[in-house]
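Here are my notes on this model, set out as numbered points. Please read them with the coordinates open.

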Amino acid sequence: FKRPRNAAQAPNGDIFIVDSGPGTLWVLRDADKDGAIGEGERHEFYTGLKQPFGLAFHRTGLVVANTDAIVRFAYTP
């Protein structure tokens, strides 16, 4: 990560991180359910955000706060 700002845990245990440097939303998955994020379990969920700094899960999906907008992403675990 270049400038991680915030993290939130999804209902299924996935961890989402906003990275303000490149404007990327990452998802970390514990695929083998060993309690740790292993190699290859970090994935770009979305890129092209403008300095994202906050995120939260809502019943309608994932909400991300940027410096110029608040955006919502549909999310299905």
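1. Start at the N terminus. Phe-1 is partly exposed, with a relative accessible area of 43%. Keep in mind that this is a predicted model. Phe-1 pairs with Trp-26 in an edge-to-face arrangement. The ring centres are 5.8 Å apart, and the planes meet at 80°. Phe-1 belongs to the segment before E1 and Trp-26 to strand E3, so the pair ties together parts that are 25 residues apart in sequence. Trp-26 is buried, at 13% relative accessible area.

2. Next, look at Arg-42 beside these two rings. The charged end of Arg-42 sits over the ring of Phe-1, 4.6 Å from its centre. Arg-42 also lies over the face of Trp-26, at 4.5 Å from the ring centre. Both partners of the edge-to-face pair thus have to be viewed together with this side chain.

3. How many aromatic pairs does a search of the whole structure find? The count is eight. Another of these is Tyr-46 with Phe-73, a tilted pair. Here the centres are 4.8 Å apart, with 55° between the planes. Tyr-46 is in strand E4 and Phe-73 in strand E7, 27 residues apart, and the pair links distant parts of the chain. Tyr-46 is partly exposed, at 38% relative accessible area. Phe-73 is buried, at 12%.

4. Both residues of the tilted pair also belong to one aromatic cluster. The cluster consists of Phe-16, Phe-45, Tyr-46, Phe-57, Phe-73 and Tyr-75. Phe-16, Phe-73 and Tyr-75 are also among the residues of the largest nonpolar core.

5. That core has 12 residues. Besides the three aromatic residues just named, it includes Ala-8, Ala-10, Val-18, Leu-25, Val-27, Leu-49, Leu-55, Leu-62 and Val-64. Strands E2 (15-19), E3 (24-28) and E6 (61-65) each supply at least two residues of this core.

6. Which strand is largely enclosed by the rest of the structure? It is E6, because four of its five residues are buried. Val-64 shows the packing around one core residue. Leaving out residues up to four places away in sequence, Val-64 touches Val-18, Leu-25, Leu-49, Pro-52, Gly-54, Leu-55, Ala-69, Ile-70, Val-71 and Phe-73. Of these, Val-18, Leu-25, Leu-49, Leu-55 and Phe-73 are listed in the core.

7. Now the pairing of E6 with E5. Strand E5 (residues 54-58) runs antiparallel to E6, and five bridges join them. A hairpin connects the two strands through two residues. Leu-55 stands opposite Val-64 in E6. Phe-57 stands opposite Leu-62 in E6. Leu-55, Leu-62 and Val-64 are core residues, and Phe-57 is in the aromatic cluster. In a regular strand, side chains alternate between the two faces of the sheet.

8. E6 also pairs with E7 (residues 70-73). The two strands are antiparallel and are joined by four bridges. Their hairpin connection runs through four residues. Arg-72 in E7 is the bridge partner of Val-63. E7 is also the strand that holds Phe-73 of the tilted pair.

9. Check Asn-66 in the loop between E6 and E7. Is Asn-66 buried or exposed? Asn-66 counts as buried, at 7% relative accessibility. Beyond its neighbours within four places in sequence, Asn-66 is in contact with Leu-49, Lys-50, Gln-51, Pro-52, Phe-53 and Val-71. Leu-49, Pro-52 and Val-71 are also touched by Val-64.

10. Last, the charged pairs. Side chains of opposite charge can pair when their charged atoms come close. A search of the whole structure finds one salt bridge. Asp-14 and Arg-29 form it, with the closest N and O atoms 2.9 Å apart. Asp-14 lies in the loop between strand E1 (4-9) and E2, and Arg-29 in the loop between E3 and strand E4 (42-47). The two residues are 15 apart, and the pair links distant parts of the chain. Which partner is buried, and which is partly exposed? Asp-14 is buried, with a relative accessible area of 6%. Arg-29 is partly exposed, at 31%.

Key
Residues numbered from 1 in each chain as written. Predicted model: local features only at pLDDT ≥ 70, side-chain atom pairs only at ≥ 80, totals over all residues. Heavy atoms only, no water. Core = buried A, V, L, I, M, F, W, Y, C linked by side-chain atoms within 4.5 Å. Buried < 20%, exposed > 50% of the residue type's maximum accessible area, 1.4 Å probe, protein only. Contact = heavy atoms within 4.5 Å. Pairing = 2+ DSSP bridges. Salt bridge = Lys/Arg side-chain N within 4 Å of Asp/Glu carboxyl O. Phe/Tyr/Trp six-rings, centres within 6.5 Å; stacked < 30°, edge-to-face > 60°. Lys NZ or Arg CZ within 6 Å of the ring centre and 35° of its normal.
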